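Please look over the protein and DNA below. The report that follows takes the two strands in turn, then the chains.

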Number of protein chains: 2
Amino acid sequence: MSVTIKDIAKLAGVSHTTVSRALNNSPLIQEETKERIRALAEQLDYTPNYNAKSLVLDRSYNLGLFFTTLSQGTSAGFFYEAIRGVNSVIQDRYQLIVKGIDDYTSFHSITKKSFDGIIVVSQSDNDQPIIEHIAGKGIPLVVLNRPVDTSGVLNVLSDEEQGAYHAGCYLIEQGHRRIALIEGRKGFRSAKHRQAGFERAMAEHGIVTPATYRQPGLYDLESGHLAMQKFLALPEPPTAVFCCNDEMALGAMKAAYGAGLRVPRDISVMGFDDTVFAGYVTPALTTVRRPIEQISKEGAMRLLGNIENKLHTTERVLLHTELIVRESVQALKAEESGRDA
Amino acid sequence: MSVTIKDIAKLAGVSHTTVSRALNNSPLIQEETKERIRALAEQLDYTPNYNAKSLVLDRSYNLGLFFTTLSQGTSAGFFYEAIRGVNSVIQDRYQLIVKGIDDYTSFHSITKKSFDGIIVVSQSDNDQPIIEHIAGKGIPLVVLNRPVDTSGVLNVLSDEEQGAYHAGCYLIEQGHRRIALIEGRKGFRSAKHRQAGFERAMAEHGIVTPATYRQPGLYDLESGHLAMQKFLALPEPPTAVFCCNDEMALGAMKAAYGAGLRVPRDISVMGFDDTVFAGYVTPALTTVRRPIEQISKEGAMRLLGNIENKLHTTERVLLHTELIVRESVQALKAEESGRDA
DNA sequence: CCCCCTATTGTTAACGTGTGCATTCCTGTG
DNA sequence: CACAGGAATGCACACGTTAACAATAGGGGG
């Protein structure tokens, strides 16, 4: 069928070994011979059979990029930025294999032979089994986006607690006191951290958040919509709502409009993530930027470093979030701030 | 290192040939022997070495999913839906390898050995060379999202001309006569079709679109914003603007707000694509839904059909778009419609 | 002039799997 | 009883590549 090193060898009048060495630029081969063989290979449009290479070299040239789920709960922007980031790093050396963890019925097929390394973009504690499986098989691994304690794995993520803390502080600085929270999807670690950061900000400023000022959310538009409706039905609604992601913030704003209110004049809304469209909704959303693309770049680079130098670096890297101030938060005058009790 | 069929053979007291046949459920092997070997394989946690299989069977178990670009111009939602659609079809049989076509410096490495089949999600005429390369190598291929005339390739896409035609008709039905167009990114075939459909609608209803009612666009928010600003600066601005995608429509609405206008009361805006957030902006965007996920599902299924039955089906499949009526288009009373000249 | 060392190339086996062809054993039939 | 034929299994090789080891030639030093 296709051209092999043996074909080249025959034409060059050398052994296939010599061809192999020449094409791999081995110092054993005379420069002149190399040139001749390279020219011949070029001319015959030779492409190495990577399956054969893989078999003998025990490398797959595959990099796995695993998401918690492809079918639900992952936002499109998040997904896109993660792939972009990784892709920008791997050059031609690896193939990028994208998978949803929830598509696996068994991890049996995940072996050292089939993946040179794996990047898990984790959004849920439920990813723990696969992480341990991969680590257990000794496959180089980096977990992005979620802190993980398994030993021997690289871990790159943003400091979301800090990000949510800054968001909370910002709302307080703007004069808000009646501040409500729409929580993230249960089971997603990010939900915990964002909530914790928010609470720390409240606590440090002596602000009490009543139970009625908290609503669960699913990270989607509908749940943000619903939560906001509940807040607005309260006898004393909040003046500001911190949403654990942008999509819920959009849903929340929508609910405010539905109730005849205007954002931010009547109620302030803040999101988290700085999704691509956050700057273009009306009003433009004030939010917190998680550097997903940077995280995935950083993670991919460190993973490649481990693979190629056969290291087992195992550090945790925290990247900074950034407060993005736009238009959806109103500065309140002191007398309007309505401190409760 | 890891368990091979030879290890199993030794333990079972048979030859590795028998093990191979047993695990592949060959009718040559006694049922009893098969059972014994399967049990042993299970117990030893045997995983076949796919590199070795690939080498001898001449199959890679890889499916390529190629996008025109990963780094620019592809919308996140589009990207996400395409991967989701394909992923939902391929089950466990194939690995999905995601690539940006513009990352390739040479197509040399794209061979029949490394991909059992390839799905090209094409957004530009510039993809033609890679499509011809793939087809030329005899690799099973399906091109999604863009019509392609190369012989011997499957082609699945939405009828965008028709979609834009319906959009244009809808605006006219709502009483609009001064209708402007923000065009798609130059070089993207979709831009041509959407524009053509729009023009057909105008022509069939005898409506003339002056040159000032057309602005180029790049499929991004900024260009939509800019284009709308130009329309609004005209002595007689349009009453409705058809944008060749949703992102530009968002930008356009933003520009309208910036000029102190309200959508749809003062000006109507229509998009194309029905991006995930289209329903949640304010006002919710009236648009045309391209069934991307369905396209990619359909394409993947047909590709797999070709691969597994060794066929070379080569049809073009057009899937219907759907008009999604929301809130961003105002119905005009006859006397307001301001027919020109 | 011989031997050793080095530079260059070839021989052969190995990676793990699948398959054409032999081999063995058994059963039925003439 | 011999023999055909089928069922079950093994042998040996192939896939395309790399690498340990062998082989050859040439050059320099004694």
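## Ground rules

A residue is near a strand if one of its heavy atoms lies within 4 Å of that strand. The model is predicted.

## DNA strand D

By that cut-off, 28 residues surround DNA strand D. The closest are A:Ile5, A:Thr17, A:Ser20, A:Tyr46 and B:Thr18. Sugar and phosphate make up 64% of the strand D atoms that come within 4 Å of the protein. By class, the surface near DNA strand D splits into eleven nonpolar, 13 polar and four charged residues.

Phosphate oxygens of DNA strand D take part in several polar pairs. A polar side-chain atom of A:Ser20 sits 2.2 Å from one such oxygen. For A:Lys53, a side-chain N or O atom is 3.3 Å from a phosphate oxygen of the strand. B:Ser15 uses its backbone: a polar backbone atom there lies 2.9 Å from a phosphate oxygen of DNA strand D. Several helices give two or more residues to this surface. From chain A they are H1 (5-12), H2 (16-23) and H4 (50-57). From chain B they are H2 (16-23) and H4 (50-57).

## DNA strand C

DNA strand C is surrounded by 28 residues. Here the closest are A:Ser15, A:Thr18, B:Ile5, B:Ser20 and B:Tyr46. Sugar and phosphate account for 56% of the atoms of DNA strand C within 4 Å of the protein. The surface near DNA strand C holds eleven nonpolar, 13 polar and four charged residues.

Which part of DNA strand C does the side chain of B:His16 approach? The partner is a base oxygen, 3.0 Å from a polar side-chain atom of B:His16. Phosphate oxygens of the strand are also approached. A side-chain N or O atom of A:Thr33 lies 2.9 Å from one. A polar side-chain atom of B:Lys53 is 3.1 Å from a phosphate oxygen of DNA strand C. On the protein side, H2 and H4 of chain A each supply at least two residues of the surface near this strand. So do H1 (5-12), H2 and H4 of chain B.

## B:Thr18 in its chain

B:Thr18 is one of the closest residues to DNA strand D. B:Thr18 belongs to helix H2 of chain B. Is B:Thr18 buried or exposed? Its relative accessible area is 18%, under the 20% limit, so B:Thr18 counts as buried.

Beyond its neighbours within four places in sequence, B:Thr18 touches B:Ile29, B:Thr33 and B:Ile37. B:Leu221 lies elsewhere: its C-alpha atom is 62 Å from that of B:Thr18, and the two residues are 203 apart along the chain.

## Helix H5 of chain A

Helix H5 of chain A covers residues 76-90, 15 residues in total. From first C-alpha to last, H5(A) reaches 22 Å, close to the 21 Å expected at 1.5 Å a residue. H5(A) is mostly covered, with 13 of its 15 residues buried. A:Gln91 follows the helix and has a positive phi, near 50 degrees.

## How the two chains relate

What rotation superposes chain A on chain B? A turn of 180 degrees, with 0.0 Å of shift along its axis, does so at an RMSD of 0.1 Å. That is the relation of a two-fold axis. Both copies use the same surface: 100% of the contact residues of chain A recur in chain B.

How values were computed. Residues are numbered from 1 along each chain as its sequence is written. Chains are lettered from A and ligands numbered from 1 in the order in which they are written. This is a predicted model: local features need pLDDT of at least 70, side-chain atom pairs count only at pLDDT 80 or more; totals for chains, interfaces and linings use all residues. Side-chain values use heavy atoms; hydrogens and water are left out. A polar contact is a pair of N or O atoms within 3.5 Å; within protein, one must be able to donate a hydrogen and the other to accept it, and residues adjacent in sequence count only if both atoms are side-chain atoms. Helices (H or I, at least four residues) and strands (E, at least two) are DSSP runs, numbered from the N terminus. Ala, Val, Leu, Ile, Met, Phe, Trp, Tyr, Cys and Pro count as nonpolar, Asp, Glu, Lys and Arg as charged, and the others, Gly among them, as polar. The expected span of a helix is 1.5 Å times one less than its number of residues. Buried means under 20% relative accessible area, exposed over 50%, partly exposed in between (1.4 Å probe, protein chains only). Copies are superposed by least squares on the C-alpha atoms of residues with pLDDT of at least 70 in both. Contact means heavy atoms within 4.5 Å.
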